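Here are some notes for a colleague at the bench, to be read alongside the sequence and the coordinates. They go from confidence and overall form to single helices and residues.

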Amino acid sequence: MEPLIQTKKCSKCGEVKELESGFHKSNRNKDGYYSSCKVCHQQHYKDNKERYRENHRQWAKKNPERTREFKRQWAKKNIEQRKARALEYRKKNREKINERSRNNYKRDKERYQKYRDEHLEETKEYGLKRSVLLEDTIVRYRIRHRSGLENHQITPELIELKREQLLFYRELKNLKQEVRNGIA
Ligand SMILES: [Zn+2]
């Protein structure tokens, strides 16, 4: 009578083990399994790790195309795994993440306000200087603000025209002020 569970004696450690769970599959052997058991196999790889690594290095050198493809596939699989893991983490920790980003926002806002308060004079002066000189960015902003034109539609000529106009109005305003003060 044939046994219901097939077993086999490991050629290395000599233990008798269940064929399917105890041995790796191999096409080279008649019964379809390696002659040494899984445990012995693993031990063999551990003992010869350096040698196998070196073999692989040599193989990779001789097969650059396949190595590249292999690496590409591995990276692709890896990135998808990492994405999935990150998504899973976000799902599980939604509240925690939300709170963290709220705190960050609050912290940044406070930092910015503190900086502004500490550098108030400099900031004022800087803005004043820029507006007195009517730098391109400021003129550009005024054009965009008034006309609704897009940035790429604003040519240097247009900026020049607008600058002249702004200077003209500024002069006019000064003149009116002087008249009001009874100077002119
Ligand atoms: Zn064994």
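The numbered points below take up the model step by step.

1. The structure is a predicted model, and its confidence should be looked at before anything else. The mean pLDDT of the protein is 88, and 97% of the residues score at least 70. Among the elements, strand E2 (residues 16-18) has the highest mean pLDDT, 96, whereas helix H6 (residues 120-133) has the lowest, 78. As a general caution, predicted coordinates should not be read in detail where pLDDT is low.

2. On secondary structure, the protein holds 8 helices and 2 strands, and the order of these elements from the N terminus is β-β-α-α-α-α-α-α-α-α.

3. The overall form departs from that of a compact globule, for which 184 residues would give a radius of gyration near 16 Å, while the protein has 38 Å. The C-alpha trace spans about 125 × 40 × 30 Å along its principal axes. Burial should be read alongside these values: 4% of the 184 residues count as buried. Of the contacts between residues at least 6 apart in sequence, 24% join residues that are at least 24 apart.

4. The domain assignment places domain 1 at residues 7-47 and domain 2 at residues 134-180. The centres of domain 1 and domain 2, taken over C-alpha atoms, are separated by 86 Å.

5. Two residue pairs give a further view of distances along the chain. Ser21 and Thr155, which are 134 residues apart in sequence, lie 77 Å apart in space, C-alpha to C-alpha. For Glu18 and Glu164, the separation is 146 residues in sequence and 94 Å in space, again from C-alpha to C-alpha.

6. Helix H3 covers residues 49-62, and its 14 residues reach 20 Å from the first C-alpha to the last, close to the 20 Å expected at 1.5 Å a residue. The number of buried residues among these 14 is 0, and H3 is accordingly described as hardly covered.

7. Helix H8 runs over residues 156-180, and its 25 residues reach 36 Å between the first and last C-alpha, close to the 36 Å expected at 1.5 Å a residue. Why does H8 count as lying largely in the open? The number of buried residues among its 25 is 1, so the helix lies largely in the open. Just after H8, Gly182 takes a positive phi of about 75°.

8. Is Glu164, a residue of helix H8, buried or exposed? Glu164 is exposed because 12 other C-beta atoms lie within 10 Å, and the cut-off for exposure is 12 or fewer. Ser21, for its part, sits in helix H1 (residues 19-22), and Ser21 is likewise exposed, with 9 other C-beta atoms within 10 Å.

How values were computed
Residues numbered from 1 in each chain as written. Predicted model: local features only at pLDDT ≥ 70, side-chain atom pairs only at ≥ 80, totals over all residues. Domains from an automatic or database assignment. Helix = DSSP H or I, 4+ residues; strand = E, 2+ residues; numbered from the N terminus. Expected span 1.5 Å × (residues − 1). Buried ≥ 20, exposed ≤ 12 C-beta atoms within 10 Å, placed from the backbone. Rg over C-alpha atoms; globule rule 2.2 N^0.38 Å. Contact = placed C-beta atoms within 7 Å. pLDDT = per-residue confidence, 0-100.
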